[in-house]
Amino acid sequence: MPEKVIEKIKELPYLFKLNKENQFLYYFGTEHSADPRHHQFEVLKDFFNDFLKNTDENRIVFIEGNKIPIKILPDNEIDIIKKIGERGFVLDLTIKSNVEYIYAELSFQEEADLLNKEFSKENIIYFYIIRLLCSLLRKNPKIDFEQILQMSTNDWSY
């Protein structure tokens, strides 16, 4: 009889810090949320303040996902969280603290350029539509599928 494997599920938000001498790595794993009442945002703010307090000026923050245009950031934390979620919240904390940051993923254009070397235009468009469709459904599970499909395909006529 096969041995039963018990999987340990990490509680979110998932935090850890590593350090060796004067080098530190802070990691924060979140639940994707646009709810400013979610407890993870206070935890993240405290963790970020700990990061600022315990590291020197040679800091960098990696932000998940594609570039967020700074000009679209609302003026207050609640609106930032509602519009962009935890990524926007981290970007706002980073900018306000004058910490250097980079995005951990390619821009849409860089990604599309790489895909274009291997795949047809139709397959690339299909990929982007499906990715957007899944994202919209995850954020809005009660919205009608046809409406989500229309939202996903609006900009893709060729």
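The following conversation goes through a predicted model of one protein.

Biologist: What makes the protein more spread out than a compact globule?

Modeller: Its radius of gyration is 19 Å, whereas the globule rule gives 15 Å for 158 residues, and because the value is well over that figure, the protein is more spread out than a compact globule. The C-alpha atoms fill a box of roughly 60 × 55 × 35 Å along the principal axes, and 30% of the 158 residues count as buried.

Biologist: Which elements supply the largest nonpolar core, and which residues have the most contacts inside it?

Modeller: That core has 20 residues, and those with the most contacts inside it are Leu 44, Phe 51, Val 61, Ile 63, Phe 89 and Leu 91. Strand S2 (23-29), helix H1 (40-54), strand S3 (60-63), helix H2 (77-84) and helix H3 (86-96) each supply at least two of the core's residues, with H1 giving the most, namely five. Leaving aside residues up to four places away in sequence, Leu 44 touches Phe 28, Phe 89, Val 90 and Leu 93.

Biologist: Why is H2 called oblique to H3?

Modeller: The axes of the two helices, H2 and H3, come within 6 Å and cross at roughly 140 degrees. Angles over 145 degrees would count as roughly antiparallel and those from 65 to 115 as roughly perpendicular, so an angle outside these ranges and not under 35 is oblique, and that makes H2 oblique to H3.

Biologist: Which residues make this contact between H2 and H3?

Modeller: H2 contributes Glu 77, Ile 80, Ile 81 and Ile 84, while H3 contributes Glu 86, Arg 87, Gly 88, Phe 89 and Asp 92; these divide into four nonpolar, one polar and four charged residues.

Definitions and conventions. Residues are numbered from 1 along each chain as its sequence is written. This is a predicted model: local features need pLDDT of at least 70, side-chain atom pairs count only at pLDDT 80 or more; totals for chains, interfaces and linings use all residues. Side-chain values use heavy atoms; hydrogens and water are left out. A nonpolar core is a set of buried Ala, Val, Leu, Ile, Met, Phe, Trp, Tyr and Cys residues joined through side-chain atoms within 4.5 Å. Buried means under 20% relative accessible area, exposed over 50%, partly exposed in between (1.4 Å probe, protein chains only). Helices (H or I, at least four residues) and strands (E, at least two) are DSSP runs, numbered from the N terminus. Contact means heavy atoms within 4.5 Å. Axes are lines fitted to C-alpha atoms, for helices over the stretch in contact, and angles run from 0 to 180 degrees between N-to-C directions. Ala, Val, Leu, Ile, Met, Phe, Trp, Tyr, Cys and Pro count as nonpolar, Asp, Glu, Lys and Arg as charged, and the others, Gly among them, as polar. The radius of gyration is taken over C-alpha atoms; the globule rule is 2.2 Å times the number of residues to the power 0.38.
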